Structures are given as structure tokens and as C-alpha cells.
Amino acid sequence: MGLSRRVTDDRRRVVEVPGPLSRVVSLVPSDTLNVAALGCAGALVGRTDYCELPADVALTVPSVGGTKNPRIDDIVRLEPELVLANQEENTRSDLEALAQRGVRVYVAFPRRVSDGLAHLARLARLFGVERSPAVRQLLKRGYDEHRAAAQARASARVVPTFCPIWMDPLMTINGDTFISDMLDLCGASNVFADRSRRYPLAADLGRAASLPPEKVVGRDVRYPRITLEEVVARAPELVLLPDEPHPFTPADADVFRALAIPAARRGAVVVMSGKDLCWYGARSIEGIGRVRALVARFAS
């Protein structure tokens, strides 16, 4: 038996696990990929319906339901030593239900690309593979990719960019999100970085007064609902339509191509992989280069 391992998760809770881990349930698609990238896929005994990568893991590891509606009883029956969760993707009630059943839960919530790399390093410690040459090389590559992107960003022309995450209602991201940080790192400035979500809905759409700050304490204001008129006013030179969490269609793209915005005039309304924008950790290591290359096409 190895020694127990202790890390602090993004809720600032100390999580201690026995070593080595051999029974883990992942409730986060990007973490299922992260575990496999660390060479620890054999420890996975449960995943969500949306954990589609790696494909062989999706075929062989049983699903315990969705990210928002996992089957708690099924998870408990798997007798996991650890459940990997995300504060945003999973519901508080489900995570509390698992904790009440005596299940150890590690909660991630990276808001920056660098946070995702640090999270991957913490997972390596949890699984006891932090000294593996392959893992060290993976992490080094991640930090090298991040450093190179940040250095290029400092001297390159930044492209004002609009990136919606939902079509009906039209929603986007502000600057306090992982997606916005990925865009910024890769040379695309989020035109809605300063736009917080307002409450109630009518206020978010500019049709009523917003509630005072004390009335929205604790609510997530990072995903504003916006109007097409606001998009026009922000004049993005690039529109990126990720294929998740919302699968934007060619008809959706045509809506933005019809707007009086520089992106439409430049032919810069592009459908792209959502995983490259929002899957943190191992996928980001590959995604940084792809997003940089995509943005660079429209930087001139």
C-alpha cells in the first residue's frame, strides 16, 4: 500500500486519498480525458454520458448518467475511492448527496488556462504519477505552450472577438471565465469581457432596471444574455461559434453573417471545436496551438 495523498481542491477543501487510487468516477468530461492522459485510465470505474474522449474509455467504462443528473445510487455502488467533479458542470445538491453517502469528492473550478494546468498537476499527485517521465513531459509541454502563447500575445495584434455559448437565448461569456482566458491567451480579446449578467432577465436584455448588487450576491454573473444589437455595438472582427456546449448550426452562423459587424464583412464567422476552448488540462495543451492558429488567420 502506498502512502495517502493530500491536495487542496478549488473549493479550498483538503482532499486526502489512499494511494494508489484504483477506483475513480469522473463526472467531468475533461477530467476523464485528463485521467487517461496521465496514464491512469485503468482506475476509472464510472463516467458521464458526455465523457466521449478517449473513445476507448467511453466504450469500456460504464456511464452513471449526465453531468447534471448523475445516478447517485449507481455511483455509490461502484465504491469509488474518489469522485472527480466540477463546481460549474455538476450540481451542488448532487455533490452534497455523494458526500453525505460517505463518498470522497474532489471539486475543480479553473477559470484560467493556467489553473487547468495546475489542476492537471494536482491530479497527477492524487494518482501518484507526478514523478512519471511521461507525465512530467506532458506538464512541461503544457507550461511551454502557455508561455509561448503569452509571449506571442504580448506583441501581436489582438483580434476583437465574439464567442457565444448559446443561441436561444443568446448567451456569451465575460472575462472571468476559462473560455475568455483561452481566447485572450491566443490573441482574441473577448468583446464582452466587461459585461456581467444582470438580474432579472429583462434587465439583462436592457428592458428593465438591474437589481442592486446586494440582491445578486452569490449568483453567477459570468454568462450574460445579450441581444444582437449589443453584438453589433461591440463590433467584433471575429465570431467564433464553438460546437459545445451549444451545437451552433450553419443557420446560426448565417444570423451573424447578416449583421453589420466587421466579422461578417471579413468572412470571419467560424465554427470551431468547443473542446479546444473549454476543456481544461490535457485538451488545452493541444488546444492552445489550434486556437492560436485559428485566430492568427484573422489578425491582419
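## A walk through the pockets, a helix pair and some backbone details

In this predicted model, let us begin with a pocket whose lining can be named in full: the second largest pocket is lined by Ala149, Ala152, Arg153, Ala156, Arg157, Leu185, Cys186, Gly187, Arg292, Val295, Ala296 and Ala299. Two helices, α6 (133-155) and α13 (282-296), are the elements that give two or more residues to this lining. Sorted by class, the lining of the second largest pocket has eight nonpolar residues, one polar and three charged. The space in this second largest pocket comes to about 150 Å³.

Now turn to the largest pocket, with a volume of about 1100 Å³. Its lining is made of 34 residues, and those nearest the centre of the pocket are Lys68, Glu88, Glu89, Tyr223 and Pro245. Which elements give two or more residues to the lining of the largest pocket? They are α1 (29-37), β8 (164-166), α7 (178-185) and α12 (274-278). By class, 15 of the lining residues of the largest pocket are nonpolar, nine are polar and 10 are charged.

Helix α13, which you met at the second largest pocket, also packs against another helix. When two helices pack, the angle between their axes and the distance between the axes describe the pair. Here the axes of α5 (residues 113-126) and α13 come within 9 Å and cross at roughly 140°, and the crossing is left-handed. On the α5 side the contact is made by Val113, Leu117 and Leu120, while α13 brings Ala282, Ser284, Ile285 and Ile288. Of the residues in this contact, six are nonpolar and one is polar, with no charged residue.

For a close look at one side chain, find Glu244 in the loop between β11 (238-242) and α10 (250-257). Which side chain joins that of Glu244 in a polar contact of 2.9 Å? The partner is Trp279. Leaving aside residues up to four places away in sequence, Glu244 touches Gly274, Lys275, Cys278 and Trp279.

Finally, take a look at the backbone. Most peptide bonds are trans, and most residues other than glycine have a negative phi, so exceptions are worth finding on screen. One of them is the peptide bond from Asp168 to Pro169, which is cis with omega near 10°; Pro169 sits in the loop between β8 and β9 (171-172). Another cis peptide bond joins Tyr199 and Pro200, with omega about 0°, and Pro200 is in the loop between β10 (188-190) and α8 (201-204). Strand β8, just named beside Pro169, is also among the elements that help line the largest pocket. As for phi, Arg12 is a residue other than glycine with a positive value, near 60°. You will find Arg12 in the loop between β1 (2-8) and β2 (14-19).

Terms used:
Residues numbered from 1 in each chain as written. Predicted model: local features only at pLDDT ≥ 70, side-chain atom pairs only at ≥ 80, totals over all residues. Heavy atoms only, no water. 1 Å grid on protein atoms, 1.4 Å probe; cavity = no way out; pocket = protein on both sides within 12 Å on 5 of 7 lines; lining within 4 Å. Points joined across faces, edges and corners; volume = space filled by probe spheres on them. Helix = DSSP H or I, 4+ residues; strand = E, 2+ residues; numbered from the N terminus. Nonpolar A, V, L, I, M, F, W, Y, C, P; charged D, E, K, R; others polar. Axes fitted to C-alpha atoms, helices over the stretch in contact; angles between N-to-C directions. Left-handed = near helix turned anticlockwise from the far one by under 90°. Contact = heavy atoms within 4.5 Å. Polar contact = N/O pair within 3.5 Å; in protein donor to acceptor, adjacent residues only side chain to side chain.
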